[in-house]
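Colleague: I would like to learn how to read a model of this kind, feature by feature. Could we go through it together, with the general idea before each case?

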Amino acid sequence: MDQEYERRLLRQINHQNLPTEARLSKCVSATCSPVSVKSGDRFIPTRAGSNWSINFHYANENCRSPSQNHKSKDASSDSSKDAVAYAALLRNELLGAGIETVPDPHTDERRHAALSQDSHSLFRYTVHTRRVPFDSDNEVSPYSLSPLSNKSHKLLRSPRKPARKISKIPFKVLDAPELQDDFYLNLVDWSAGNLLSVGLGACVYLWSACTSQVTRLCDLSVDGDSVTSVCWNERGSLVAVGTHKGYVQIWDAAGGRKLTSLEGHSARVGALAWNGEQLSSGSRDRVILQRDIRNPPSAERRLQGHRQEVCGLKWSPDHQHLASGGNDNKLLVWNSSSLLPVQQYSDHLAAVKAIAWSPHQHGLLASGGGTADRCLRFWNTLTGQALQSTDTGSQVCNLAWSKHANELVSTHGYSQNQILVWKYPSLTQVAKLTGHSYRVLYLAVSPDGEAIVTGAGDETLRFWNVFSKTRCTKESKSVLNLFTRIR
C-alpha cells in the first residue's frame with residue numbers, strides 16, 4: 001500500500017474517533033496543532049460503591065431552589081418510610097436480599113447505611129441451584145397474581161411504626177412578669193400533683209395545670225427579701241423556697257401556710273433538692289446544707305467541696321447519691337454518709353448548673369457547662385469514668401431525662417436560646433425548638449413525663465409537648481396573661 005495513502009487513512013480514522021467537542025474545536029481553529037488521541041472502544045465508567053438512591057435524590061435537589069428544598073425536606077418526613085420500603089422491595093426482587101421488615105429511617109445516617117449495605121456490587125455471578133418448592137419463603141406460589149416474592153409480601157405486610165413528630169411551637173405560652181434572667185437561680189418546678197410553682201420577684205405563684213387557676217403562695221417583699229429557688233417534694237405537698245437572704249422556707253401548698261424557716265446560709269440559696277424528708281440546699285456561700293425537716297434545725301450536715309457558688313443540685317433516683325455543680329466548673333458526687341465528695345469531675349470549662357440523673361441506667365449522670373464550655377458530658381458514677389461528650393454550640397442551662405424513652409432535653413442560652421431533644425446514647429438531635437428571645441434558664445417536666453415547661457428572661461413560660469408519643473388534639477398557639485404584676 002502507498003505510504004501516503006496509508007497515512008491519510010489513519011488520519012481519517014483518528015479524526016472519526018475524536019469526541020464531538022474535539023472535532024468542533026479542530027474545525028473552528030485550523031491553526032491548532034494536531035492532537036494525538038488514542039483510538040479505542042467505548043468508555044465504560046466504573047460505578048462500584050455508588051449509592052443510586054442518594055445520587056438521584058441529590059440530582060432532584062439540584063433542580064430546586066433552596067426554599068423548595070427546605071419545604072420538600074419538611075414534607076418528606078411522612079414519605080421517608082415509604083422510600084425505605086421501596087428500596088428494600090427492589091433489593092428483594094433484584095438482589096434476593098430477603099428483607100422482611102422495613103428498616104427504621106430515624107436518621108439520615110441510618111437510612112443511608114440501610115440502603116448501602118450491599119452497594120459494593122449491583123450484579124453478581126451465582127451458581128444456579130435447584131429450585132425449591134413453591135411453598136417456600138423464597139418462591140412465589142403459581143396461583144399468585146402478584147409478581148413479588150413471599151419475602152416482599154412479608155415486607156409489605158410488616159407493621160409500620162408511626163413517624164415521630166414533635167411540634168415546633170408551644171401549645172401554651174404564659175406571661176410571667178419579673179421572671180429573673182439569672183443563670184444561677186432555679187425559679188420553676190412542676191409537682192407530682194400537677195401544680196407549677198414559679199418565683200416571680202418576691203412572690204411565689206402556683207398554677208394548676210388541671211384548672212388553670214393561679215394562687216399566690218407567699219410574698220417576701222414584707223421582709224425585704226426575694227425568691228431565688230423553688231422545689232417540690234416528691235409527693236407534691238410541700239414546696240421549698242430559697243431566698244436571697246439565705247433562708248429556706250417550707251410551705252404547705254394545700255393549706256397555703258408556712259411550716260418553717262431554716263437558717264444556716266450566709267448568702268442566697270439558688271439550688272434545692274429533696275430526698276424523701278431531707279432537703280439539700282446550695283448557696284453562694286459555697287456550702288451545701290442537708291437537713292431533715294422532721295428534726296431540729298441543729299441536726300444538719302454541711303458539705304463543703306465547692307470553691308464558688310453552688311448552682312445545681314440533683315439526687316439520684318435510688319436516693320443514694322447527690323450531684324452538685326458549681327461556678328468553679330466542678331461536678332461533685334456525694335453519698336448519704338460522707339462529708340467529702342466521693343467523686344469529682346473537672347472536665348467542664350464553665351459553671352455547671354445543668355445536672356440530670358438517668359432513670360433508665362443506674363449510675364448514669366449527665367451534666368452541661370456554661371458559655372465557655374457548651375458541652376454535654378455523661379459520666380458513669382459507678383466507676384467514675386467519663387463516657388462521652390458533645391458540643392451543643394450554646395450555653396447549657398438545664399437538663400431533664402424522659403421518663404418513657406432513653407432521651408433527654410436540654411435548654412440553652414448564649415447564643416441561640418434553643419431547646420434540644422437528644423437520643424441517648426447516639427446523641428443524635430431529635431428536635432430543635434426555638435421561640436424564647438432570652439436564655440432558656442428554667443426547665444421542668446410534667447408529672448406524666450410528656451410535656452415540659454421552659455422559662456426565660458423574656459418573662460414567658462412556654463409549654464412544649466416533647467416526649468408525648470401521640471397527640472390527638474391539634475396544638476394551638478395562644479398567649480395567656482397568666483400572672484399579673486403586683487404593684
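Modeller: We will go from the chain as a whole to its strands, its rings and then some details of its backbone.

Colleague: Where should I begin, and how many helices and strands are there in the chain?

Modeller: Begin with the origin of the coordinates: this is a predicted model. The chain holds seven helices and 29 strands, and buried residues account for 44% of its 487 residues. Of the contacts with a separation of 6 or more, 47% are between residues 24 or more positions apart. The accessible surface of the chain is about 26700 Å², and carbon and sulfur atoms contribute 51% of that.

Colleague: How do I read a sheet, and which are the edge strands in the one with the order S18-S19-S20-S21?

Modeller: Follow the order of the strands, then look at how the neighbours pair. Here four strands form an open sheet with antiparallel pairing, and its edge strands, S18 (352-357) and S21 (385-391), each pair on one side only. Direction ignored, neighbouring strands of this sheet are turned by 20 degrees against each other on average. Strand S20 (residues 375-380) pairs with S21 over six bridges in the antiparallel sense, and within that pairing Phe378 has Gln388 in S21 as its bridge partner.

Colleague: And in a hairpin, how many residues lie between the strands S24 and S25?

Modeller: For a hairpin, look at the two strands and then at what connects them. Strand S24 (residues 419-423) and strand S25 (residues 428-433) run antiparallel and are joined by five bridges, with Ile419 opposite Leu433 in S25. Four residues lie between the strands, and Leu427 takes a positive phi near 55 degrees in this hairpin. The loop between S24 and S25 also contains Pro425, which is joined to Tyr424 by a cis peptide bond with omega of about 10 degrees.

Colleague: Turning to aromatic rings, why is the pair of Trp207 and Phe463 called tilted?

Modeller: Ring pairs are read from the distance between the centres and the angle between the planes. A pair counts as stacked when the planes are under 30 degrees apart, as edge-to-face when they are over 60, and as tilted otherwise. There are eight aromatic pairs by this rule. The planes of Trp207 and Phe463 meet at 55 degrees, with the ring centres 5.1 Å apart, so this pair is tilted. The pair links distant parts of the chain, since Trp207 is in strand S4 (residues 203-208) and Phe463 in strand S28 (residues 460-465), 256 residues apart. Both Trp207 and Phe463 are buried. By contrast, Trp401 and Tyr424 form an edge-to-face pair, at 5.6 Å centre to centre and 75 degrees between the planes. Trp401 belongs to strand S22 (residues 396-401) and Tyr424 to the loop between S24 and S25, so this pair ties together parts 23 residues apart in sequence. Ring pairs also link Phe171, Trp190, Trp207 and Phe463 into a cluster.

Colleague: Last, the backbone: is Glu178, with its positive phi, buried, partly exposed or exposed?

Modeller: For such a residue, note the angle, then the place, then the accessibility. Glu178 has a positive phi of about 70 degrees although it is not a glycine, and it lies in the loop between strand S1 (172-175) and strand S2 (188-190). Its relative accessible area is 37%, so Glu178 is partly exposed. Ser212, also not a glycine, has a positive phi near 65 degrees and is found in the loop between S4 and strand S5 (214-219). With 42% relative accessibility, Ser212 is likewise partly exposed.

Notes:
Residues numbered from 1 in each chain as written. Predicted model: local features only at pLDDT ≥ 70, side-chain atom pairs only at ≥ 80, totals over all residues. Heavy atoms only, no water. Pairing = 2+ DSSP bridges. Phe/Tyr/Trp six-rings, centres within 6.5 Å; stacked < 30°, edge-to-face > 60°. Buried < 20%, exposed > 50% of the residue type's maximum accessible area, 1.4 Å probe, protein only. Contact = heavy atoms within 4.5 Å. Areas by Shrake-Rupley, 256 points an atom, 1.4 Å probe, with all protein chains shown as cover. Axes fitted to C-alpha atoms, helices over the stretch in contact; angles between N-to-C directions.
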